[in-house]
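Please open the structure in the viewer and keep the selection tool at hand. The tour proceeds stop by stop, stating what to select and what is found there.

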Amino acid sequence: MFFERHGGGERAILVHLDGQDPEAREDPQEFQELALSAGAETVSFVTVPRQRPTAKFLIGSGKVGELRDLVQTAQADLVIFNHVLTPSQERNLERVFECRVLDRTGLILDIFAQRARTHEGKLQVELAQLDHMSTRLVRGWTHLERQKGGIGLRGPGETQLETDRRLLRVRIRQIKQKLDKVRSQREQARRGRQRADIPSVSLVGYTNAGKSTLFNALTESDVFAADQLFATLDPTLRRLELDDLGPIVLADTVGFIRHLPHKLVEAFRATLEESSNSDLLIHVIDAHEPERMAQIEQVLAVLGEIGADSLPLLEVYNKVDLLEGVEPQIQRDADGKPQRVWLSAQDGQGLDLLRQALAELLGNDMFAATLCLPQQLGRLRAQFFTLGVVQQESYDEQGSSLLVVRLPRSELNRLVSREGWEPDAFIQQHTLQ
(Lines give C-alpha, C1' and ligand atoms only; values in the text may rest on other atoms or scores of the structure.)
Protein backbone atom coordinates (compact mmCIF):
# COMPACT_ATOMS: atom_id res chain seq x y z
CA MET A 1 0.00 0.00 0.00
CA PHE A 2 1.50 3.29 -1.09
CA PHE A 3 1.54 6.26 1.25
CA GLU A 4 0.10 9.52 -0.08
CA ARG A 5 0.47 12.71 1.97
CA HIS A 6 -2.82 14.34 2.87
CA GLY A 7 -3.67 17.89 1.87
CA GLY A 8 -3.58 20.72 4.38
CA GLY A 9 -6.27 23.06 5.64
CA GLU A 10 -7.07 25.71 8.21
CA ARG A 11 -8.85 23.76 10.99
CA ALA A 12 -6.04 22.56 13.23
CA ILE A 13 -5.57 20.57 16.42
CA LEU A 14 -2.50 21.74 18.34
CA VAL A 15 -0.55 19.13 20.30
CA HIS A 16 1.89 20.36 22.95
CA LEU A 17 4.28 17.94 24.68
CA ASP A 18 4.92 18.77 28.31
CA GLY A 19 8.12 17.01 29.37
CA GLN A 20 10.53 17.47 32.24
CA ASP A 21 13.59 18.58 30.23
CA PRO A 22 13.59 22.42 30.40
CA GLU A 23 15.88 22.66 27.34
CA ALA A 24 13.50 20.67 25.13
CA ARG A 25 10.27 22.18 26.48
CA GLU A 26 8.51 24.67 24.22
CA ASP A 27 6.28 27.59 25.20
CA PRO A 28 2.59 26.66 24.71
CA GLN A 29 1.51 30.29 24.35
CA GLU A 30 4.15 30.92 21.71
CA PHE A 31 2.97 27.76 19.92
CA GLN A 32 -0.58 29.12 19.76
CA GLU A 33 0.73 32.46 18.43
CA LEU A 34 2.69 30.62 15.74
CA ALA A 35 -0.42 28.75 14.63
CA LEU A 36 -2.38 32.01 14.61
CA SER A 37 0.33 33.71 12.55
CA ALA A 38 0.12 30.87 10.04
CA GLY A 39 -3.62 31.47 9.65
CA ALA A 40 -4.75 28.30 11.41
CA GLU A 41 -8.15 28.03 13.06
CA THR A 42 -7.44 26.20 16.31
CA VAL A 43 -10.30 23.80 17.07
CA SER A 44 -8.55 22.13 20.02
CA PHE A 45 -5.38 22.47 22.09
CA VAL A 46 -4.14 19.21 23.58
CA THR A 47 -1.36 18.97 26.17
CA VAL A 48 0.34 15.58 26.32
CA PRO A 49 2.51 14.80 29.36
CA ARG A 50 5.39 12.78 27.97
CA GLN A 51 8.66 11.85 29.65
CA ARG A 52 10.13 9.58 26.98
CA PRO A 53 9.09 10.16 23.35
CA THR A 54 8.41 6.97 21.38
CA ALA A 55 10.13 6.20 18.09
CA LYS A 56 6.93 5.37 16.22
CA PHE A 57 4.52 8.17 17.15
CA LEU A 58 6.50 10.43 19.50
CA ILE A 59 3.54 10.07 21.90
CA GLY A 60 1.91 6.96 23.33
CA SER A 61 -0.42 4.79 21.27
CA GLY A 62 -3.31 5.47 23.66
CA LYS A 63 -3.02 9.22 23.17
CA VAL A 64 -2.73 8.65 19.40
CA GLY A 65 -6.10 6.89 19.49
CA GLU A 66 -7.67 9.78 21.44
CA LEU A 67 -6.32 12.29 18.93
CA ARG A 68 -7.65 10.21 16.02
CA ASP A 69 -11.15 10.34 17.52
CA LEU A 70 -10.77 14.08 18.15
CA VAL A 71 -9.73 14.67 14.54
CA GLN A 72 -12.86 12.91 13.30
CA THR A 73 -15.17 14.65 15.79
CA ALA A 74 -13.78 18.14 15.19
CA GLN A 75 -13.39 17.54 11.43
CA ALA A 76 -9.84 18.86 11.64
CA ASP A 77 -7.76 19.35 8.48
CA LEU A 78 -4.39 18.99 10.15
CA VAL A 79 -2.63 18.22 13.43
CA ILE A 80 0.33 20.40 14.43
CA PHE A 81 2.92 19.23 16.98
CA ASN A 82 4.92 21.72 19.04
CA HIS A 83 7.94 19.49 18.58
CA VAL A 84 10.24 18.23 15.83
CA LEU A 85 8.96 15.03 14.20
CA THR A 86 11.04 12.55 12.25
CA PRO A 87 9.88 11.66 8.71
CA SER A 88 8.70 8.23 9.88
CA GLN A 89 6.74 9.74 12.78
CA GLU A 90 4.97 12.13 10.40
CA ARG A 91 4.11 9.22 8.10
CA ASN A 92 2.83 7.01 10.93
CA LEU A 93 0.69 9.77 12.45
CA GLU A 94 -0.82 10.75 9.09
CA ARG A 95 -1.78 7.15 8.43
CA VAL A 96 -3.65 6.98 11.74
CA PHE A 97 -5.20 10.48 11.69
CA GLU A 98 -5.95 10.44 7.94
CA CYS A 99 -5.06 14.13 7.76
CA ARG A 100 -1.96 16.26 7.32
CA VAL A 101 0.54 16.36 10.21
CA LEU A 102 3.01 19.21 10.71
CA ASP A 103 5.78 19.66 13.25
CA ARG A 104 7.16 22.90 14.67
CA THR A 105 9.70 23.29 11.87
CA GLY A 106 7.07 22.77 9.17
CA LEU A 107 4.81 25.35 10.82
CA ILE A 108 7.57 27.98 10.92
CA LEU A 109 8.47 27.23 7.31
CA ASP A 110 4.83 27.76 6.30
CA ILE A 111 4.79 31.16 8.03
CA PHE A 112 8.01 32.13 6.29
CA ALA A 113 6.58 31.09 2.93
CA GLN A 114 3.57 33.35 3.50
CA ARG A 115 5.61 36.38 4.58
CA ALA A 116 8.42 36.38 1.99
CA ARG A 117 7.95 39.34 -0.32
CA THR A 118 11.25 39.97 -2.12
CA HIS A 119 12.92 37.67 -4.65
CA GLU A 120 15.72 36.99 -2.18
CA GLY A 121 13.33 36.17 0.64
CA LYS A 122 11.40 33.72 -1.52
CA LEU A 123 14.64 32.00 -2.55
CA GLN A 124 15.72 31.66 1.07
CA VAL A 125 12.37 30.18 2.11
CA GLU A 126 12.35 27.78 -0.84
CA LEU A 127 15.86 26.60 0.06
CA ALA A 128 14.83 25.92 3.65
CA GLN A 129 11.68 24.10 2.49
CA LEU A 130 13.59 21.94 0.00
CA ASP A 131 16.20 21.06 2.63
CA HIS A 132 13.37 20.08 4.96
CA MET A 133 11.57 18.17 2.21
CA SER A 134 14.67 16.22 1.19
CA THR A 135 14.61 14.37 4.53
CA ARG A 136 10.96 13.45 3.93
CA LEU A 137 11.49 11.87 0.51
CA VAL A 138 12.79 8.59 1.92
CA ARG A 139 9.98 7.49 4.18
CA GLY A 140 7.32 10.13 3.79
CA TRP A 141 6.81 9.69 0.06
CA THR A 142 7.08 5.91 -0.43
CA HIS A 143 4.64 6.05 -3.34
CA LEU A 144 7.46 7.61 -5.37
CA GLU A 145 9.46 4.40 -5.21
CA ARG A 146 7.35 2.85 -7.99
CA GLN A 147 9.29 2.06 -11.15
CA LYS A 148 8.24 4.01 -14.23
CA GLY A 149 6.35 1.67 -16.54
CA GLY A 150 5.70 1.50 -20.26
CA ILE A 151 7.27 -0.11 -23.31
CA GLY A 152 11.01 0.30 -23.25
CA LEU A 153 11.08 1.44 -19.62
CA ARG A 154 10.70 -1.87 -17.79
CA GLY A 155 13.57 -3.43 -15.88
CA PRO A 156 16.41 -1.70 -14.11
CA GLY A 157 16.32 2.06 -14.31
CA GLU A 158 15.77 5.20 -12.31
CA THR A 159 12.85 5.07 -9.89
CA GLN A 160 10.56 8.05 -9.46
CA LEU A 161 12.02 8.62 -5.99
CA GLU A 162 15.55 8.76 -7.42
CA THR A 163 14.36 11.20 -10.08
CA ASP A 164 12.79 13.45 -7.46
CA ARG A 165 15.95 13.32 -5.35
CA ARG A 166 18.07 14.32 -8.34
CA LEU A 167 15.74 17.19 -9.34
CA LEU A 168 15.68 18.34 -5.73
CA ARG A 169 19.48 18.44 -5.57
CA VAL A 170 19.62 20.39 -8.84
CA ARG A 171 17.11 22.98 -7.60
CA ILE A 172 18.91 23.35 -4.24
CA ARG A 173 22.19 23.91 -6.06
CA GLN A 174 20.60 26.55 -8.31
CA ILE A 175 19.12 28.45 -5.35
CA LYS A 176 22.43 28.38 -3.45
CA GLN A 177 24.19 29.83 -6.50
CA LYS A 178 21.65 32.66 -6.70
CA LEU A 179 21.95 33.36 -2.96
CA ASP A 180 25.74 33.40 -3.26
CA LYS A 181 25.32 36.14 -5.87
CA VAL A 182 23.04 38.07 -3.49
CA ARG A 183 25.63 37.66 -0.73
CA SER A 184 28.40 39.07 -2.96
CA GLN A 185 26.17 42.03 -3.87
CA ARG A 186 25.51 42.70 -0.19
CA GLU A 187 29.23 42.48 0.54
CA GLN A 188 29.96 44.96 -2.24
CA ALA A 189 27.36 47.38 -0.84
CA ARG A 190 28.86 47.02 2.65
CA ARG A 191 32.35 47.78 1.32
CA GLY A 192 30.95 50.90 -0.33
CA ARG A 193 29.48 52.08 2.98
CA GLN A 194 32.75 51.33 4.76
CA ARG A 195 34.70 53.41 2.22
CA ALA A 196 32.29 56.27 2.86
CA ASP A 197 32.76 55.79 6.63
CA ILE A 198 29.02 55.38 7.19
CA PRO A 199 28.39 53.29 10.32
CA SER A 200 25.88 50.44 10.02
CA VAL A 201 23.49 49.46 12.80
CA SER A 202 21.24 46.37 12.81
CA LEU A 203 18.08 45.75 14.78
CA VAL A 204 18.03 42.23 16.19
CA GLY A 205 15.77 40.56 18.71
CA TYR A 206 13.11 37.99 19.40
CA THR A 207 10.22 37.87 16.98
CA ASN A 208 7.41 40.34 17.78
CA ALA A 209 9.63 42.42 20.07
CA GLY A 210 8.78 45.56 18.06
CA LYS A 211 11.81 45.88 15.77
CA SER A 212 9.87 47.01 12.69
CA THR A 213 7.80 49.48 14.72
CA LEU A 214 11.01 50.98 16.13
CA PHE A 215 12.56 50.99 12.65
CA ASN A 216 9.59 52.90 11.23
CA ALA A 217 9.60 55.38 14.12
CA LEU A 218 13.32 56.16 13.72
CA THR A 219 13.46 56.35 9.92
CA GLU A 220 9.89 57.51 9.20
CA SER A 221 9.41 54.48 6.96
CA ASP A 222 6.38 52.29 6.32
CA VAL A 223 7.87 48.80 6.72
CA PHE A 224 5.16 46.23 7.45
CA ALA A 225 4.75 45.92 11.22
CA ALA A 226 2.13 43.81 12.99
CA ASP A 227 1.49 42.20 16.37
CA GLN A 228 2.35 38.73 15.09
CA LEU A 229 5.34 36.42 14.88
CA PHE A 230 7.71 36.82 11.93
CA ALA A 231 6.05 39.92 10.49
CA THR A 232 9.44 40.80 8.95
CA LEU A 233 11.45 38.40 6.80
CA ASP A 234 13.11 40.57 4.20
CA PRO A 235 15.87 42.91 5.44
CA THR A 236 15.26 46.61 4.94
CA LEU A 237 17.97 49.29 5.04
CA ARG A 238 17.37 53.01 5.54
CA ARG A 239 19.59 56.03 6.02
CA LEU A 240 19.23 57.77 9.38
CA GLU A 241 20.68 61.17 10.29
CA LEU A 242 21.92 61.56 13.87
CA ASP A 243 22.72 64.91 15.48
CA ASP A 244 26.44 65.48 16.08
CA LEU A 245 27.27 62.29 14.14
CA GLY A 246 25.85 62.41 10.64
CA PRO A 247 24.37 59.59 8.56
CA ILE A 248 24.18 55.92 9.58
CA VAL A 249 22.58 52.92 7.87
CA LEU A 250 19.90 51.18 9.95
CA ALA A 251 18.87 47.60 9.05
CA ASP A 252 15.68 45.81 10.10
CA THR A 253 16.21 42.02 10.18
CA VAL A 254 14.24 38.81 10.68
CA GLY A 255 13.28 38.00 14.26
CA PHE A 256 14.63 35.03 16.19
CA ILE A 257 12.68 32.40 18.06
CA ARG A 258 13.35 29.61 20.54
CA HIS A 259 14.80 26.53 18.78
CA LEU A 260 14.92 28.34 15.44
CA PRO A 261 15.38 25.52 12.89
CA HIS A 262 18.99 25.31 11.81
CA LYS A 263 17.94 25.02 8.15
CA LEU A 264 16.37 28.47 8.43
CA VAL A 265 19.53 29.93 9.93
CA GLU A 266 21.51 28.47 7.03
CA ALA A 267 19.01 29.63 4.39
CA PHE A 268 18.86 33.16 5.82
CA ARG A 269 22.62 33.46 6.30
CA ALA A 270 22.87 36.11 3.56
CA THR A 271 20.28 38.17 5.44
CA LEU A 272 21.73 37.52 8.89
CA GLU A 273 25.19 38.53 7.65
CA GLU A 274 23.81 42.06 7.56
CA SER A 275 23.83 41.83 11.36
CA SER A 276 27.20 40.10 11.69
CA ASN A 277 28.90 42.88 9.66
CA SER A 278 27.37 45.80 11.56
CA ASP A 279 29.27 48.32 13.65
CA LEU A 280 26.61 48.10 16.37
CA LEU A 281 23.67 45.83 17.19
CA ILE A 282 20.47 47.12 18.75
CA HIS A 283 18.95 44.22 20.68
CA VAL A 284 15.23 45.04 20.88
CA ILE A 285 13.61 43.38 23.90
CA ASP A 286 9.90 43.20 24.77
CA ALA A 287 9.95 44.71 28.26
CA HIS A 288 6.37 43.53 28.86
CA GLU A 289 7.10 39.87 28.06
CA PRO A 290 7.23 37.64 31.20
CA GLU A 291 9.66 35.24 29.45
CA ARG A 292 11.96 37.99 28.25
CA MET A 293 15.08 36.56 29.95
CA ALA A 294 14.64 33.27 28.08
CA GLN A 295 14.10 35.22 24.85
CA ILE A 296 17.29 37.22 25.45
CA GLU A 297 19.22 33.96 25.83
CA GLN A 298 17.82 32.64 22.54
CA VAL A 299 18.78 35.79 20.66
CA LEU A 300 22.32 35.69 22.05
CA ALA A 301 22.55 32.01 21.06
CA VAL A 302 21.61 32.77 17.43
CA LEU A 303 24.01 35.73 17.35
CA GLY A 304 26.74 33.32 18.43
CA GLU A 305 25.72 30.94 15.64
CA ILE A 306 26.16 33.60 12.95
CA GLY A 307 29.39 34.96 14.47
CA ALA A 308 27.92 38.26 15.72
CA ASP A 309 28.25 37.67 19.48
CA SER A 310 31.42 39.78 19.78
CA LEU A 311 29.94 42.94 18.24
CA PRO A 312 29.08 46.00 20.37
CA LEU A 313 25.48 45.71 21.55
CA LEU A 314 22.96 48.17 22.91
CA GLU A 315 19.89 46.74 24.65
CA VAL A 316 16.60 48.51 23.94
CA TYR A 317 13.71 47.60 26.24
CA ASN A 318 10.63 48.36 24.17
CA LYS A 319 6.92 48.69 25.12
CA VAL A 320 7.45 50.63 28.38
CA ASP A 321 4.01 52.12 27.74
CA LEU A 322 2.62 48.76 28.90
CA LEU A 323 4.55 48.91 32.19
CA GLU A 324 3.52 50.86 35.28
CA GLY A 325 6.03 53.17 36.92
CA VAL A 326 8.71 52.80 34.22
CA GLU A 327 9.88 55.92 32.43
CA PRO A 328 12.04 56.19 29.30
CA GLN A 329 15.68 56.36 30.36
CA ILE A 330 19.29 55.52 29.48
CA GLN A 331 21.13 53.10 31.77
CA ARG A 332 24.93 53.28 31.63
CA ASP A 333 27.76 50.95 32.61
CA ALA A 334 30.61 51.74 35.02
CA ASP A 335 32.47 53.67 32.28
CA GLY A 336 29.45 55.86 31.55
CA LYS A 337 28.69 54.26 28.18
CA PRO A 338 25.02 53.64 27.28
CA GLN A 339 24.16 50.03 28.05
CA ARG A 340 20.37 49.90 27.66
CA VAL A 341 17.59 52.28 26.68
CA TRP A 342 13.99 52.03 27.87
CA LEU A 343 11.45 53.39 25.39
CA SER A 344 8.17 52.87 23.57
CA ALA A 345 8.39 52.67 19.79
CA GLN A 346 4.59 52.66 19.53
CA ASP A 347 4.05 56.16 20.96
CA GLY A 348 7.55 57.58 20.45
CA GLN A 349 8.58 57.86 24.09
CA GLY A 350 12.36 57.74 24.52
CA LEU A 351 13.31 57.82 20.81
CA ASP A 352 15.43 60.93 21.43
CA LEU A 353 17.28 59.00 24.15
CA LEU A 354 18.02 56.19 21.70
CA ARG A 355 19.39 58.65 19.14
CA GLN A 356 21.57 60.16 21.85
CA ALA A 357 22.87 56.73 22.89
CA LEU A 358 23.63 55.80 19.26
CA ALA A 359 25.54 59.04 18.71
CA GLU A 360 27.60 58.39 21.83
CA LEU A 361 28.42 54.77 20.98
CA LEU A 362 29.18 55.37 17.30
CA GLY A 363 31.02 58.64 17.87
CA ASN A 364 34.01 57.23 19.76
CA ASP A 365 36.40 58.25 16.98
CA MET A 366 34.79 61.60 16.30
CA PHE A 367 36.88 64.69 15.71
CA ALA A 368 35.50 67.89 17.24
CA ALA A 369 37.57 71.07 17.03
CA THR A 370 37.83 74.60 15.67
CA LEU A 371 39.79 74.67 12.42
CA CYS A 372 41.52 77.75 11.07
CA LEU A 373 41.46 77.64 7.26
CA PRO A 374 43.31 80.31 5.23
CA GLN A 375 41.49 81.91 2.31
CA GLN A 376 43.39 79.85 -0.27
CA LEU A 377 41.74 76.69 1.14
CA GLY A 378 38.27 77.76 0.10
CA ARG A 379 37.68 74.44 -1.67
CA LEU A 380 38.37 72.50 1.56
CA ARG A 381 36.02 74.85 3.42
CA ALA A 382 33.29 74.14 0.85
CA GLN A 383 33.74 70.37 1.31
CA PHE A 384 33.16 70.67 5.05
CA PHE A 385 29.92 72.53 4.38
CA THR A 386 28.87 69.98 1.74
CA LEU A 387 29.25 67.20 4.33
CA GLY A 388 27.13 69.16 6.81
CA VAL A 389 29.72 68.90 9.59
CA VAL A 390 30.16 72.64 10.22
CA GLN A 391 28.47 73.69 13.45
CA GLN A 392 29.60 77.33 13.45
CA GLU A 393 31.72 79.70 11.35
CA SER A 394 33.52 82.98 12.14
CA TYR A 395 36.58 84.84 10.86
CA ASP A 396 39.83 86.05 12.45
CA GLU A 397 41.68 89.30 11.77
CA GLN A 398 43.56 87.81 8.81
CA GLY A 399 40.32 86.76 7.13
CA SER A 400 40.80 83.04 7.76
CA SER A 401 37.70 80.91 8.34
CA LEU A 402 37.24 79.57 11.86
CA LEU A 403 35.10 76.45 11.46
CA VAL A 404 33.71 74.53 14.42
CA VAL A 405 33.42 71.04 12.95
CA ARG A 406 32.42 67.58 14.16
CA LEU A 407 33.01 64.57 11.91
CA PRO A 408 34.66 61.12 11.90
CA ARG A 409 38.43 61.47 12.21
CA SER A 410 38.96 59.19 9.19
CA GLU A 411 36.83 61.52 7.07
CA LEU A 412 38.83 64.54 8.23
CA ASN A 413 42.11 62.80 7.37
CA ARG A 414 40.80 61.95 3.91
CA LEU A 415 39.73 65.51 3.11
CA VAL A 416 42.86 67.23 4.44
CA SER A 417 45.33 64.75 2.91
CA ARG A 418 43.93 65.60 -0.53
CA GLU A 419 45.25 69.13 -0.01
CA GLY A 420 48.65 67.82 1.07
CA TRP A 421 48.28 68.93 4.70
CA GLU A 422 48.04 67.36 8.13
CA PRO A 423 44.92 67.98 10.31
CA ASP A 424 47.04 69.36 13.17
CA ALA A 425 48.14 72.23 10.95
CA PHE A 426 44.62 73.71 11.05
CA ILE A 427 43.53 73.00 14.62
CA GLN A 428 43.04 76.17 16.63
CA GLN A 429 41.39 74.57 19.65
CA HIS A 430 39.59 71.35 20.56
CA THR A 431 35.96 71.54 21.54
CA LEU A 432 34.07 69.27 23.90
CA GLN A 433 33.24 65.86 22.40
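Why is strand E5 largely enclosed by the rest of the structure? Six of the six residues of E5 are buried, so the surrounding structure largely encloses this strand. Buried here means under 20% relative accessible area, with exposed being over 50% and partly exposed in between (1.4 Å probe, protein chains only).

Before the next selection, two notes on conventions apply. This is a predicted model, in which local features need pLDDT of at least 70 and side-chain atom pairs count only at pLDDT 80 or more, while totals for chains, interfaces and linings use all residues. Residues are numbered from 1 along each chain as its sequence is written, and side-chain values use heavy atoms, with hydrogens and water left out.

**Stop 1: strand E5 and its partners**

Select residues 200-205, which form strand E5. Helices (H or I, at least four residues) and strands (E, at least two) are DSSP runs, numbered from the N terminus. Both faces of E5 are covered: on one side Ser200, Ser202 and Val204 are buried, and on the other Val201, Leu203 and Gly205 are buried as well.

Now add residues 246-252, strand E7, which runs parallel to E5 and is joined to it by four bridges. Val201 stands opposite Leu250 in E7, and Ser202 has Ala251 of E7 as its bridge partner. Next, add strand E8 (280-286). E8 also runs parallel to E5, and five bridges join the two. Ser202 has a bridge partner here too, namely Leu281 in E8.

**Stop 2: the whole sheet**

Extend the selection to the open sheet, in which seven strands follow the order E6-E7-E5-E8-E9-E11-E10 with mixed pairing. Two strands pair if DSSP finds at least two bridges between them. Strand E6 (236-242) and strand E10 (329-332) stand at the edges; each has a single partner strand, so one side of each lacks a neighbour in the sheet. From one strand to the next, the twist averages 25°. Strands of a sheet pair through backbone hydrogen bonds, either parallel or antiparallel.

**Stop 3: helix H7 and helix H11**

Select residues 211-219, helix H7, which packs on the sheet and touches E5, E6, E7, E8 and strand E9 (313-318). Contact means heavy atoms within 4.5 Å. The direction of H7 makes about 155° with that of E7. Axes are lines fitted to C-alpha atoms, for helices over the stretch in contact, and angles run from 0 to 180 degrees between N-to-C directions.

Add helix H11 (residues 351-362), which packs with H7 at an angle of about 80°, the axes being 11 Å apart. H7 is therefore roughly perpendicular to H11; angles of 65 to 115 degrees count as such, those under 35 as roughly parallel, those over 145 as roughly antiparallel and the rest as oblique. To view the contact, display Leu214, Ala217 and Leu218 of H7 together with Leu351, Leu354 and Arg355 of H11. By class, this contact has five nonpolar, no polar and one charged residues. Ala, Val, Leu, Ile, Met, Phe, Trp, Tyr, Cys and Pro count as nonpolar, Asp, Glu, Lys and Arg as charged, and the others, Gly among them, as polar.

**Stop 4: salt bridges**

How many salt bridges does a search of the whole structure find? The search finds eleven. A salt bridge is a side-chain nitrogen of Lys or Arg within 4 Å of a carboxyl oxygen of Asp or Glu.

- Select Asp286 and Lys319, whose side chains meet in a salt bridge (3.2 Å, N to O). Asp286 lies in strand E8 and Lys319 in the loop between E9 and E10, so the pair ties together parts 33 residues apart in sequence. Asp286 is buried at 10% relative accessibility, and Lys319 is buried at 17%.
- Select Arg381 and Glu393, which form a salt bridge with the closest N and O atoms 2.7 Å apart. Arg381 belongs to helix H12 (residues 378-387) and Glu393 to strand E13 (residues 390-395), so parts twelve residues apart in sequence are tied together. Arg381 is partly exposed, at 26%, as is Glu393, at 27%.
- Select Glu41 and Arg11, whose side chains meet in a salt bridge (3.4 Å, N to O). Glu41 lies in strand E2 (residues 41-49) and Arg11 in strand E1 (residues 11-18), so the pair ties together parts 30 residues apart in sequence.

**Stop 5: Ala74**

Keep Arg11 displayed and select Ala74, which is in helix H2 (residues 61-74). Leaving aside neighbours within four places in sequence, Ala74 is in contact with Arg11 and Val43. Ala74 is buried, at 16% relative accessibility.
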